[in-house]
Every structure is written in structure tokens, then in C-alpha cells.
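Hello,

Here is the structure I said I would pass on. Please open it first, then read my notes below.

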Amino acid sequence: MLIRKLFKFENAHIVRGCSTRRCSHSIHGHSYKVELILHADALDHGQMVYDFGLLKGDIRELIDAFDHSVALWAEDDADYLASVRRHSERWVSIPVSPSAEQFSRLIFALVDAALARTEMNNGEVGVGLHSVIVHETETGYAQCFREDVNNPRMGLIDLEHIEFSPAIVAQWPTPDLFERLKNTQTMLQPQLPGFA
């Protein structure tokens, strides 16, 4: 059985190397919608796959970190990166270009690590992340499945290479949230050739 939880955030970015000059050369924003699709083949004591209320903790905080922030590709122009960091309190530096496709992979990795750390104490069995859909516009979205997250042909998503601005971290109820997730991803990630 599948269940879906919808999150929303506003974010700005530049997608270098894309075909559209407006997107590749000008900072612009989107009203993103993120769908987390969870699966299980059994129900918990409340006869649910997973209580939606459990997604209001770490997972909501991680997705909300992208709200009213600028997504920065760590390999972008150094002057641009320095300028955004100087002029914006909220930014997230990521190891891949901030396209909808890469956002879906990135959010999958973050949520997967958060779910792995969640205590299942209401009879939940085999709950997992099926896929993540990131709607960049009303008419376009990208959907990521587990096999996409660790696909070396799509770029490496390593939580060690993500940096949240100090202003974002300061707003988390538990400032070590992301450090705990990075340790979890190391345990979850399969060893791929060239990524050991």
C-alpha cells in the first residue's frame, strides 16, 4: 500500500547548463510541492501504513530548510556563491545542480536517512520511502525512486557535501539534526564502484 504526504516550499536557484537561457543565467524562484510516497505491506496498530503526524518532526524541518532560501550548486562560480552567502541569510549548498530532478534525489536521501532514524513503536512493519516527487511548476515535476538516488550516472548525493546556512540550522529544534542524518546515510548507502 502507498500513502502520500505533501509539503511545500519557496526556493530560488540558477540551473547552470540547462537549455533555457533564462534558467541558466538568471536567479529565479519556484513554488515547489514535494510529495513523499511511503509504502508498506502491513498496517500498524492504528491500521495505518505510517502516522502522518510522525512526518511533522525532522522530515518537515529538513524540507522547510529549503523554504525562502537559495539553493546553491557547490560547483557554481565562486564569486556568485560568495555573493549569495553574503547577501542572503538562508541558503543551502548542494553537490548537484538544483534542478527538480536533483531536488527529488536530494530530498529522497534526506528523508530516507530521517526515516531510518525514526523509532517505529506502534507496530509499523516494513515502512519505506517508495519515491519522491518534486513539482517545480504546476505542469512539470520529477520523480525519484530508490535506484535513482545512488545512480552514479546522475551524480553523487552525499549528505557530507550538503551545507545548510547557520541561520537555517539555528532555527532547528535540535541543532545536531543534520549531523545525525549524515551518520545514518553512511550506514544506508551501498558501496558503488568509484564511490567507496
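The notes below cover the sheet, the helices on it, and the aromatic side chains.

Bear in mind that this is a predicted model.

Start with the sheet. It is open, with 7 strands in the order 6-5-2-1-3-4-7 and mixed pairing. Strand 6 (141–145) and strand 7 (163–164) are at the edges. Each has a single partner strand, so one side of each has no neighbour in the sheet. Strand 1 (residues 2–13) pairs with strand 3 (residues 69–73) in the parallel sense, over 2 bridges. There, Asn11 stands opposite Ser69.

Next, the helices. Helix 3 (residues 78–87) lies across strand 3, strand 4 (91–94) and strand 7. Helix 3 runs at about 160° to strand 3. Helix 4 (residues 100–117) also packs on the sheet; the strands it touches include strand 1, strand 2 (28–39) and strand 5 (128–135). Its direction makes about 150° with that of strand 5.

Now the rings. The whole structure holds 8 aromatic pairs. Phe9 and Tyr32 are stacked, 4.9 Å centre to centre, with 20° between the planes. Phe9 is in strand 1 and Tyr32 in strand 2, 23 residues apart. Phe9 has 1% relative accessibility, so it counts as buried. Tyr32 is buried too, also at 1%.

Phe66 and Phe103 pair edge-to-face, at 5.5 Å and 85°. Both are buried. Ring pairs join Phe9, Tyr32, Phe66, Phe103, Phe164, Trp172 and Phe178 into a cluster.

Last, two charges over rings. Arg16 sits with its charged end over Tyr80, 5.3 Å from the ring centre. Arg85 does likewise over Trp91, at 4.1 Å.

Best wishes

How values were computed
Residues numbered from 1 in each chain as written. Predicted model: local features only at pLDDT ≥ 70, side-chain atom pairs only at ≥ 80, totals over all residues. Heavy atoms only, no water. Pairing = 2+ DSSP bridges. Helix = DSSP H or I, 4+ residues; strand = E, 2+ residues; numbered from the N terminus. Contact = heavy atoms within 4.5 Å. Axes fitted to C-alpha atoms, helices over the stretch in contact; angles between N-to-C directions. Phe/Tyr/Trp six-rings, centres within 6.5 Å; stacked < 30°, edge-to-face > 60°. Buried < 20%, exposed > 50% of the residue type's maximum accessible area, 1.4 Å probe, protein only. Lys NZ or Arg CZ within 6 Å of the ring centre and 35° of its normal.
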